[in-house]
Amino acid sequence: MPSPRRTALLCALAATAAVLPAAPAHATPPAPALRFGACPDSVPAPPAPDRAECAHLHVPLDRSHPDGKQLRLAISRVRASGPASERRGVLLVNPGGPGGPGLAYAVTKRAKLPERVRRSYDVIGFDPRGTGGSAPADCGPMGGLFESPGPDPVPVGRAAERAALDGLRRTADDCARGVKDALPFLSTTETARDMDAIRAALGERRIGFLGVSYGSYLGAAYAARFPHRTGRMVLDSVVGPWDWYDFDLRQARAMVRRRAVFFAWAARGADRFGLGTDRAAVRAAYLRVRAGLARHPVDGFGPAEFDRTVYRALGRTERWAGLAEGLRAWLRDGSVGQLRPAEPFDGAASRPYEAANRTVKCADGPPPAPSRVLADLRRMRRLTPHPVLTGMEASVCAYWHHRPRPPHPARRPPDPAGPADRLHARPRHAPRRRPRTPAAAARLPSGHPAPRLLPRGVRQPGQPLRGRGGLGLSGRRQGAARGCALRGAGTPYALTRAGSCRPASATG
């Protein structure tokens, strides 16, 4: 049975299809400048008679030198299944990251969309520059990131702190050697421009967009730079409007709170998991596992690998049982089979993801000072002796070789004031489902890829989806903050920490 949240998103897309008028016959877009053919094996086949097809598009690495080095973007498509009279255009989709490839997402995400959407939209996936089949970033050893077992990611003592900072410096050096001249150009802003190149190559006047997590950040960047080419947008699990380092730090704090919720949850299942009957007992069991793996890693699985497993599990409650059972298995017989992820961290897909993630974050800028990184590490240890710091990827930007400069005012992306018909957004923070930090404000820092996170006026804040006119999320999913209906151009809009809908001026 689908969750209410998923149902709400699907309903929002269905409403998007419903409110659009049928395209007249003469509105068929011009022939695209892409040659679609067979897809690589990594793209699953949709159920017949639908089929996935793939193409490549060349774009400049540096758009200030359009005749210079080119990147080849990998693009996928599943055509609308309905007749031409029902076609509404294209829907680009992005699964998140930064660093996540999206070629297969056209098939996997489309399978979850309502039939009305599948009949009306060509669903377009693509690997953003630096990922998957689009000139994947390569940072080589990344300062020993893929060593197994890795050093404890929570440094204790000055020697360990110096080693942690040295690892960040070596990661930055490795990325400078591996990514080379592409270092400044694997950014959110450039990916948004690539999206517009895809739109043009497909022969579309506008594009629809559905982005999850980092995909919401990317969609906001596109809407800011190309407001008149932006159609319907669904931004799910919105990434907050902070610099990447600040976002990572907020997320690390949220992980500590989320882990406490996990401890209490596992205690309620004491008969099943055997970790203790209250939160303190489960926490003690958790710390015994981590300390034991720090003393004696098992087949390359030590504290760094353990923290990665915890980080991944805390993000989705459907993974909590597996984490609890893995803790029990180590306490029972010292095995890590249930803690070890199915895909190895140093696998072929993980390496370019980790490289692209850091490269994009550091290209978006600005970087933290090394002294701040060290001070924040100490603050996190005061908050809890064993924080989960796995998601602090932007710490490496303190030593990055390319320092983004704030753009000249004349070159900043414009505030979107164009006729984007609908922009539907959902806060990333949902208390019982996602530990990520909430979207708290519409205004972003000067020079940010998207000057406004949610660049729309508000009509009937908090309006649930009703009939043909609403595009807000309906209801709540286990305490999730409600989405809001956004329509037309007007006052900047913000989602507060509590998930309520307010004009940006009311939230600061």
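A residue is called buried when its relative accessible area is under 20%. By that criterion, 55% of the 508 residues of the protein are buried. The legends below describe close-up views of this structure, which is a predicted model.

**Figure 1. The overall model comprises 14 helices and 9 strands.** The protein exposes about 21,600 Å². Carbon and sulfur atoms supply 52% of that exposed area. Of the contacts between residues at least 6 apart in sequence, 76% join residues at least 24 apart. The chain holds 3 disulfides and 14 aromatic pairs, some of which are shown in the views that follow.

**Figure 2. A disulfide joins Cys39 to Cys54.** The S to S distance is 2.0 Å. Cys39 lies in the loop between α1 (4-19) and β1 (52-60), whereas Cys54 belongs to strand β1, so the bond ties together parts that are 15 residues apart in sequence. The torsion about the S-S bond is about 100°, and the disulfide is therefore right-handed. Cys54 has a relative accessibility of 8%, a value under the 20% limit, and so counts as buried.

**Figure 3. A disulfide connects Cys139 with Cys175.** Here the sulfur atoms are 2.1 Å apart. The link is right-handed, with 110° about the S-S bond. Cys139 is placed in the loop between β4 (121-126) and α4 (158-179) and Cys175 in helix α4 itself, so the pair ties together parts that are 36 residues apart in sequence. Both partners are buried: Cys139 has a relative accessibility of 2%, and Cys175 has one of 0%.

**Figure 4. Cys362 and Cys397 form a left-handed disulfide.** Their sulfur atoms lie 2.0 Å apart, and the torsion about the S-S bond is -95°. The pair links distant parts of the chain, 35 residues apart. Cys362 is in helix α12 (residues 350-364), and Cys397 is in the loop between α13 (370-383) and β7 (423-427). Cys362 and Cys397 are both buried.

**Figure 5. The buried Glu190 makes a polar contact with Arg63.** Glu190 is found in helix α5 (residues 188-202). Its relative accessibility of 8% falls under the 20% limit, which is why Glu190 counts as buried. The polar contact runs from the side chain of Glu190 to the side chain of Arg63, at 3.0 Å. Apart from its neighbours within four places in sequence, Glu190 is in contact with Arg63, Arg129 and Phe185.

**Figure 6. Ring pairs link seven aromatic residues into a cluster: Phe262, Phe263, Trp265, Phe273, Tyr286, Phe306 and Trp320.** The structure holds 14 aromatic pairs. One of them is formed by Phe262 and Phe263, whose ring centres are 6.0 Å apart. The angle between the two planes is 55°, and the pair is classed as tilted because that angle lies between the limits of 30 degrees for stacked and 60 for edge-to-face rings. Phe262 is buried, with a relative accessible area of 0%. Phe263 is likewise buried, at 3% relative accessibility.

**Figure 7. Ala313, in helix α10, is in contact with Trp320 of the aromatic cluster.** Helix α10 spans residues 303-314. Ala313 is buried, with a relative accessible area of 6%. Leaving aside neighbours within four places in sequence, the residues in contact with Ala313 are Arg319, Trp320 and Leu323. The C-alpha atom of Ala313 is separated by 9.8 Å from that of Ala324, which is 11 residues away along the chain.

**Figure 8. The charged ends of Arg77 and Arg351 sit over the rings of Phe36 and Phe146, respectively.** The charged end of Arg77 is 3.8 Å from the centre of the Phe36 ring. For Arg351, the distance to the centre of the Phe146 ring is 4.2 Å.

Key. Residues are numbered from 1 along each chain as its sequence is written. This is a predicted model: local features need pLDDT of at least 70, side-chain atom pairs count only at pLDDT 80 or more; totals for chains, interfaces and linings use all residues. Side-chain values use heavy atoms; hydrogens and water are left out. Helices (H or I, at least four residues) and strands (E, at least two) are DSSP runs, numbered from the N terminus. Buried means under 20% relative accessible area, exposed over 50%, partly exposed in between (1.4 Å probe, protein chains only). Contact means heavy atoms within 4.5 Å. Accessible areas come from the Shrake-Rupley method with a 1.4 Å probe; for residues, only the protein chains shown count as cover. A polar contact is a pair of N or O atoms within 3.5 Å; within protein, one must be able to donate a hydrogen and the other to accept it, and residues adjacent in sequence count only if both atoms are side-chain atoms. Rings of Phe, Tyr and Trp (its six-membered ring) pair if their centres lie within 6.5 Å; planes under 30 degrees apart count as stacked, over 60 as edge-to-face and the rest as tilted. A charge sits over a ring if NZ of Lys or CZ of Arg is within 6 Å of the ring centre and within 35 degrees of the ring normal. A disulfide is a pair of cysteine sulfur atoms within 2.5 Å.
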